[in-house]
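Student: I have a new structure to look at and would like to learn how to read it. Could you take me through a few of its features?

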Amino acid sequence: MRNIWVIAEKEYKHYFISPVAYAVALAILLILGILFYANVLAAVYQQYVPDVQIIIGPMVTLLLFTTPAITMRSLADESKSGTLELLLTAPVRDWEVVIGKWLGGILFILTLLLITWFYPIVLNRLVSPGIDQGLMLSGYLGLFLLASACLAIGVMASSFFSNQIAAFFATLGLLLVLWMIGYPAQAMGTGGELLRYLDMSEHFYYTFFRGVIELKDLVYYISVTSLALFIGSVSVEMRRWR
């Protein structure tokens, strides 16, 4: 565990000297702020009470498109610069490298999610008698699990390439496939049950987004994260033997 934390800490600190990470953070907070202001303003003029979904909804899309930028350099850059080979000769296991990189990304995303709590706090003061706390907690739990799976897929994709741009588009492509794979199932009837289960959006919008926490959705996101990290570990191990 010590090796994992050392790698995670190094990765987490690197985000705060990386222009890409600052660009991602600025994009998320700026876009979310604009949408939050627009929704609150619309609620005032149209006389309806906004809820925390006006924050969680945009966050889903923002995470989907920004996590590839966060993970694209995690292993691809190490491979390109040659530091991955040096890291693999150290007394550290392949899976510790992969999990450490993923954990560093998780800590960075958690930092961003904690900052975005500013918006629910403000919204809670604006509406009466306040926002649904259960809906907020389930929504943020869903965001964390979604980000966890996206980051794991990103680290996995980064382990396949030595080019950050290739890793970015590979991750984005995989995430979009998993996000929309359930759409063809609508025309397939019962034969599309597997596709619907593989669909990431099915496990978010029908439960966490509505304030419902179900075991099958927890299992899904944990399984996707674990499988992606396992494949990434195998990929790194294969580099060791090249």
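Student: How is the crossing of α8 and α9 handed, left or right?

Tutor: Handedness describes which way the near helix is turned from the far one: clockwise by less than a right angle is right-handed. In this predicted model, the crossing of α8 and α9 is right-handed.

Student: At what angle do helix α8 and helix α9 pack?

Tutor: Find residues 133-158 for α8 and residues 164-180 for α9; the two pack at an angle of about 135 degrees, and their axes lie 9 Å apart. Angles over 145 degrees would count as roughly antiparallel, and 65 to 115 as roughly perpendicular. The pair α8 and α9 is therefore oblique.

Student: Which residues of α8 and α9 meet?

Tutor: From α8 come L146, C150, I153, G154, M156, A157 and S158. Their partners in α9 are A167, A170, T171, L174, L175, L178 and W179. Sorted by class, this contact of α8 with α9 holds 11 nonpolar residues and 3 polar ones, with no charged residues.

Student: Let me try a single residue. Where is S148, and is it buried or exposed?

Tutor: S148 sits in helix α8. To judge burial, look at relative accessible area: under 20% means buried. S148 has 8% relative accessibility, so it counts as buried.

Student: What is S148 in contact with, leaving aside its neighbours within four places in sequence?

Tutor: S148 is in contact with W102, I106 and T225.

Student: Now a loop residue. Where is the place of S18?

Tutor: Look between α1 (2-15) and α2 (19-46): S18 is in the loop there. A loop residue can be read with the same cut-off, under 20%. S18 has a relative accessible area of 7%, so S18 is buried too. You can also compare separation along the chain with separation in space. S18 and I70 are 52 residues apart along the chain, and 9.8 Å separates their C-alpha atoms.

Student: Stepping back, how many helices and strands are there in the chain?

Tutor: The chain has 12 helices and 0 strands, so its pattern along the sequence is written with α alone.

Student: And what can I say about burial and contacts in the chain?

Tutor: Of its 242 residues, 48% count as buried. For contacts, take those between residues at least 6 apart in sequence: 75% of them join residues at least 24 apart.

Student: How much area does the chain expose?

Tutor: About 12,300 Å², of which carbon and sulfur atoms supply 70%.

Conventions. Residues numbered from 1 in each chain as written. Predicted model: local features only at pLDDT ≥ 70, side-chain atom pairs only at ≥ 80, totals over all residues. Heavy atoms only, no water. Axes fitted to C-alpha atoms, helices over the stretch in contact; angles between N-to-C directions. Helix = DSSP H or I, 4+ residues; strand = E, 2+ residues; numbered from the N terminus. Parallel < 35°, antiparallel > 145°, perpendicular 65-115°, else oblique. Contact = heavy atoms within 4.5 Å. Nonpolar A, V, L, I, M, F, W, Y, C, P; charged D, E, K, R; others polar. Buried < 20%, exposed > 50% of the residue type's maximum accessible area, 1.4 Å probe, protein only. Areas by Shrake-Rupley, 256 points an atom, 1.4 Å probe, with all protein chains shown as cover.
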